[in-house]
Number of protein chains: 2
Amino acid sequence: MMSFDTDLRGLVGYNVKRANSSLLVGVGKVLKPFGLRRTTYSALSVIAQNAGIKQSDLAQVLAIERPNLVQILDELQKPGLIERTRDANDRRAYRLTATTAGIEKIAAAAKKLRAFDEHLTKGMAAEERAALIAALRRVEENGAEAWEGREIGQVSTT
Amino acid sequence: MMSFDTDLRGLVGYNVKRANSSLLVGVGKVLKPFGLRRTTYSALSVIAQNAGIKQSDLAQVLAIERPNLVQILDELQKPGLIERTRDANDRRAYRLTATTAGIEKIAAAAKKLRAFDEHLTKGMAAEERAALIAALRRVEENGAEAWEGREIGQVSTT
DNA sequence: TATTGTTATACTCTATAACTATA
DNA sequence: TATAGTTATAGAGTATAACAATA
């Protein structure tokens, strides 16, 4: 007896994709009551931990293109969760800081999201969960390396 | 010394998302020469392994909504990689089969994609890679369970 | 010249409602 | 009535080119 997708299920990439899709709905439901999406949550989390971070640095940390960050920050600034202030030394740049409301918001949302996230590894030992995260970061690094460098698919076909 | 995203990096969900994003570009580059995308590759792979599968069953296997499958199959049918034939017993349903060209296409693409996919787990032992895939499937199951059932975030806050 | 933030745009993936033809 | 496939549509996420202001 064999399932319908044995070939696909042997691929790390396919299982990452399926896990991500499966996550999306739940994360959305957790964040919705806070008026946040995945991207706005991530941005607010980093800003709260790094008061005064520049937009371009934030974009790099989150691996989001600068143009795509604009709307995300607008969405956080409008309800007063963050503030954009001009840098004194470089008047091109904005410095981002979370307001008190923003810090309270991310703390409350993080509590719920962590509970959901731990539910995702239900039945796994703490070391397994840590190993999973470590492995995912390896995949992320290897994936980035693959298209930064030379051609792909030339991986020792001899 | 501490990185900018320690909170986010403690979440399995965030690392899954980052790994998936990192994968996307490379997979796209590998599949492009074959005229395939991630979704068309997945569909063709399952059809090739399951001659005569119905569209609705394929949608369920791939966890894709039926409407979204239509365009994917059009994209495979136009260049003659698959065929849609009416079911004799149920004239509402289509039976999907891969053509010879489709089977050759998926075989060639799979070879390249597997090489890339193995590159993603470079430096990991075979058991680690297998454990990663198993863990991802657990995450996928737990994620689906979370939003099928009752409220989320009520996970033993006592 | 190069960089910061921005606008405009486009492509992919995903999700829902409503239609048609068959059952 | 229920199901299979379809159409239309809308929301996210992601990517690139080009611009104004500033360095």
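Which residues are closest to DNA strand D? They are A:Arg37, A:Asn68, A:Arg91, B:Ser56 and B:Arg92, out of 23 residues that surround the strand. A residue counts as near a strand if one of its heavy atoms lies within 4 Å of it.

Some housekeeping. This is a predicted model, where local features need pLDDT of at least 70, side-chain atom pairs count only at pLDDT 80 or more, and totals for chains, interfaces and linings use all residues. Residues are numbered from 1 along each chain as its sequence is written, chains are lettered from A and ligands numbered from 1 in the order in which they are written, and side-chain values use heavy atoms, with hydrogens and water left out.

Back to strand D. Of its atoms within 4 Å of the protein, 60% belong to sugar or phosphate, and the rest to bases. I will give some polar contacts, meaning pairs of N or O atoms within 3.5 Å. On the phosphate side, a backbone N or O atom of A:Arg91 sits 2.9 Å from a phosphate oxygen, and a polar side-chain atom of B:Ser21 sits 3.2 Å from a phosphate oxygen. On the base side, an N or O atom in the side chain of B:Arg92 is 2.7 Å from a base oxygen.

Now strand C. Here 22 residues surround the DNA, and A:Ser56, A:Arg92, A:Tyr94, B:Arg37 and B:Asn68 come nearest. The side chain of A:Arg92 has an N or O atom 2.8 Å from a base oxygen of strand C. A backbone N or O atom of B:Arg91 lies 3.0 Å from a phosphate oxygen of this strand, and a polar side-chain atom of A:Gln55 also lies 3.0 Å from a phosphate oxygen.

Next, the two protein chains. How many residues of chain A are in contact with chain B? The count is 66, against 66 residues of chain B, with contact meaning heavy atoms within 4.5 Å. The area buried between them is about 6500 Å², and carbon and sulfur atoms give 61% of it. That is the accessible area (1.4 Å probe) that the two parts lose on being put together, summed over both. A:Phe4, A:Gln49 and A:Glu140 supply 10% of the area that chain A buries against chain B, more than any other three residues.

Last, A:Tyr41. Leaving aside neighbours within four places in sequence, A:Tyr41 is in contact with residues including A:Leu31, A:Ile106 and A:Leu113, and also with B:Leu8 and B:Leu11 from the other chain.

Terms used: A polar contact is a pair of N or O atoms within 3.5 Å; within protein, one must be able to donate a hydrogen and the other to accept it, and residues adjacent in sequence count only if both atoms are side-chain atoms.
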